[in-house]
Amino acid sequence: MSLIRRSINNEGMYMTKIYRKLQTMSSLQSLLLLILVSSGFTLPVNQPLTTQTSSAPSTLYTPTFLVNKSRSELPVYPFPNGICNNQNPNNHAPIPEIESRRLGVRQIALKFSNGNYDSAATYQAVLAQTNPSRNIMNFMFYQTALDGYNLTDVYYANKVMALILSKNEPLINAAMEFENWLFLDAYLRAQCLVTPEITASVLKYYQTVDFTAGRWTTSNLALLAATTRYLIGQTFPNSTFVSYNSDKTGYQLVKDRARALYYGQVAEYASQDYGVYDLFCFVTIAHFSNDSALASIADVGVQVGMARYAAVWWSDRLATQCMRCESNGYHNNNIWWFLADLWVYFGDSEINILGQSASSYLLTYSASVNYHIDPTILAVSKLTGPRAVQVYGPGEYTFFLQSFITDSYAIYISNTPVVSHEAIPGQSTLPGIFWNGHSSTYNASRSNFYMGVPSNDYFSGDYKWNGYPQEWMLEKSTYLLVVDNALNSIDKTLIPQPFVIGNMPSSKEFPDSVLISDCAAKLCNPNSPSPVYYLFYGFGNNSVLISIASSQVLDLTAFKYQNDRSFHAYLSRNDSAGFAVEAANPNDFVGSTLLDKLTAFKSKILNSTLFQFQDPQSSILRAHLTYTDSNRNTLWKQYAYMANAGDDWMIKSPIETVNGQKRPPFLNWPITSSPLVYQSGYPGYNAGQYSKMGYRPCPVFIRPNISSSWATIDNPTLKSQYSGYPKGISCIPPPS
């Protein structure tokens with residue numbers, strides 16, 4: 001059964017009534033509204049009817065769109081076809097809760113005087129910024145439309161657009177596809193209000209952009225180049241632009257990537273860095289493509305992508321399914337921008353986005369455009385409580401991610417060797433534990449705890465994982481790491497002795513954390529079948545307790561990080577080691593202080609767990625670890641050569657059991673498995689390969705809560721070459 005779409009017209013009438021009721025609010029009331037919204041309350045949207053400006057110019061441009069039109073003839077909220085009547089309609093109605101968050105961001109993005117929008121003051125504020133947010137254009141033009149298309153506001157919005165275009169010009173082909181897409185999106189939304197001079201400048205600007213596909217080699221840049229080339233060619237059909245490739249307009253790549261969203265084939269899947277670009281550029285396609293089928297495919301693709309994000313949203317658990325997550329410098333900014341983008345749709349009372357000191361994070365694309373999601377997706381994002389999530393990304397960048405999510409922490413691993421080659425703690429810090437403490441500072445590392453084997457050039461400063469000697473398994477709040485240098489991937493002439501590194505946030509960064517290290521170099525568990533050493537770490541009263549059990553001594557001597565919460569462990573003489581990591585909520589243990597609770601957790605681990613590690617015995621029987629966790633589940637993991645060169649590791653089954661039960665082979669995984677969002681893959685086959693051959697995708701199922709029946713997010717215009725599935729394949733239905 002397809003989801004029942006809410007009536008846009010009825011919802012729009014409801015919201016219009018709210019606007020009229022609240023237009024008389026005073027500035028004090030508006031301030032109170034902002035405080036309530038920033039605290040997580042859901043409120044109707046307030047927009048002032050009149051506009052006050054600091055100083056109006058003497059000559060004002062009157063767009064043709066406004067000539068001889070009364071206010072009643074102009075588009076009004078919720079702008080079903082956009083503020084210029086040139087936008088494809090949304091397939092879902094505005095949701096008041098989301099609109100209230102958009103209002104909160106707009107009131108920070110723009111300047112107001114006595115409760116009224118001040119476009120001149122907003123322009124002056126933008127003028128003073130070295131690198132203003134490109135989304136400010138959408139904020140200003142949208143507010144202009146909300147306030148009745150005041151000509152002074154039109155003037156200053158154009159001034160800002162001209163200013164930002166001038167800032168883009170010097171860097172036009174220096175990895176500028178991010179800004180080129182955002183600028184074109186703003187131009188298309190406000191096209192009817194833009195001056196002829198700016199339109200001419202926009203055309204000239206994009207005629208000099210080098211859209212050549214080979215120039216933009218990363219996934220996100222290639223997509224943005226094709227998206228921008230397709231839309232600018234459509235906007236100016238009689239003009240000449242640089243060709244994308246043999247597909248001059250970039251249309252085919254845009255269509256293929258839009259289709260891929262429904263199949264779960266997102267190259268930088270769930271990337272906190274690039275999610276804005278990899279997902280939201282399809283909002284522009286959905287709103288402005290002249291190809292109705294492509295617009296529909298893009299729209300449904302965004303809805304499916306948002307549903308997958310919603311499945312791991314609570315308290316920002318995006319990291320648990322992230323394939324490309326960077327956490328330092330420029331990319332740390334991107335993490336928070338995308339977090340703020342999704343917060344607009346999902347909200348989260350535990351993450352006060354509006355209260356962040358760096359206000360630039362708030363000026364998000366999601367807050368500045370009128371794209372609406374299905375209300376069921378919003379319901380999915382509010383799921384709390386423990387849950388397991390699996391993600392299989394089929395196709396060229398195939399990966400398998402697992403996580404166990406709670407309201408206070410999430411523990412997660414990657415079963416994909418290639419993912420492990422990314423930077424530490426840069427593009428990928430899987431596996432790890434992510435907890436609520438992250439939201440206390442936007443400077444915190446993306447993965448609050450991580451551990452693994454670094455690459456050989458670790459000492460030279462290039463912090464990357466070595467994907468070949470390590471494999472993980474996860475069962476609820478416990479994961480195992482088995483290290484085995486069977487493939488000789490560690491060059492011991494560069495590293496005298498192979499080692500594993502681990503890291504938690506330092507006590508300087510998080511002074512309320514505690515660490516117990518008295519068992520790091522001595523044996524504290526006499527019941528253990530083999531030698532085992534421990535570290536115990538705790539953070540916050542509603543965050544996490546962590547136990548790290550190791551077959552090797554855990555050395556707290558500072559390495560590159562100069563961090564009193566980092567550690568390393570040398571491997572055995574046989575170049576192997578085993579580790580077991582458990583996580584728990586401090587609130588589940590008795591104690592008046594965090595140290596008391598961590599001590600109680602330590603006692604439980606030492607008295608109830610069993611640890612048995614075995615070095616490799618032959619070329620077949622490699623290193624393996626058996627661990628009985630504090631919940632009495634017995635996990636067994638053997639190193640399985642998953643990254644063996646020339647071997648299609650995806651068709652193998654991992655060599656591991658939970659309570660004696662074998663795990664299924666990777667290609668039997670669903671594409672998405674969570675309590676409220678589910679999509680089957682092609683069991684036993686790489687679904688990505690078959691989707692490129694034109695077979696149907698398995699349905700995407702969604703439900704608002706675990707007691708509801710499953711519905712499907714349908715994609716009726718997603719036509720396939722074949723009407724059915726590959727021979728012998730049937731999609732697996734979601735669990736009841």
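A residue is called buried when its relative accessible area is under 20%, exposed when that area is over 50%, and partly exposed in between, with a 1.4 Å probe and protein chains only. The model is predicted, so that local features need pLDDT of at least 70 and side-chain atom pairs count only at pLDDT 80 or more, while totals for chains, interfaces and linings use all residues. Residues are numbered from 1 along each chain as its sequence is written, and side-chain values use heavy atoms, with hydrogens and water left out.

**Exercise 1. Describe the setting of Tyr479, beginning with whether Tyr479 is buried or exposed.**

Solution. Tyr479 is buried, because its relative accessible area is 0%. Its place is in strand E9 (residues 478-484), where helices (H or I, at least four residues) and strands (E, at least two) are DSSP runs numbered from the N terminus. Next, list the contacts, meaning heavy atoms within 4.5 Å: when residues up to four places away in sequence are not counted, Tyr479 touches, among others, Ile411, Ile413, Pro431, Gly432, Phe449, Met451 and Trp472. Finally, the C-alpha atoms of Tyr479 and Phe404 are separated by 9.9 Å, although these residues are 75 apart along the chain.

**Exercise 2. Place strand E7 (residues 449-452) between its pairing partners and state which residues cover its two faces.**

Solution. Begin with the general rule that side chains in a regular strand alternate between the two faces of the sheet. In E7, Phe449 and Met451 lie on one side and Tyr450 and Gly452 on the other, and all of these are buried. Strands pair if DSSP finds at least two bridges between them. Strand E6 (residues 432-435) pairs with E7 in the antiparallel sense over two bridges, and E7 is joined to strand E10 (residues 499-503), also antiparallel, by three bridges. Tyr450 appears in both pairings, as the bridge partner of Gly432 from E6 and as a residue whose partner in E10 is Asn503.

**Exercise 3. Trace the surroundings of Phe280, from the nonpolar core to its aromatic partners.**

Solution. A nonpolar core is a set of buried Ala, Val, Leu, Ile, Met, Phe, Trp, Tyr and Cys residues joined through side-chain atoms within 4.5 Å. The largest one has 134 residues, and Phe280 is among those with the most contacts inside it, as are Leu193, Tyr206 and Phe282. A second, separate core of 33 residues includes Leu481, Phe510, Ala520 and Leu535.

Turn now to the rings: those of Phe, Tyr and Trp (its six-membered ring) pair if their centres lie within 6.5 Å, and planes under 30 degrees apart count as stacked, over 60 as edge-to-face and the rest as tilted. The whole structure holds 28 aromatic pairs. Phe280 and Tyr345 form a tilted pair, at 6.4 Å centre to centre and 40° between the planes. This pair links helix H11 (residues 275-288), which holds Phe280, to helix H13 (residues 330-346), which holds Tyr345, across 65 residues. Both rings belong to buried residues, and Phe280 and Tyr345 share one aromatic cluster with Phe178, Trp181, Tyr277 and Tyr365. For contrast in geometry, Tyr392 and Phe400 form a stacked pair, 4.8 Å centre to centre with 10° between the planes.

**Exercise 4. Check the span of helix H16 (residues 594-608) and find what its buried residues pack against.**

Solution. The expected span is 1.5 Å times one less than the number of residues. For the 15 residues of H16 the span should therefore be 21 Å, which agrees with end C-alpha atoms that are 21 Å apart. The buried residues of H16 include Leu594, Leu598, Phe601 and Ile605, and the strands against which its buried residues pack include E11 (513-516), E12 (533-539) and E13 (544-550).
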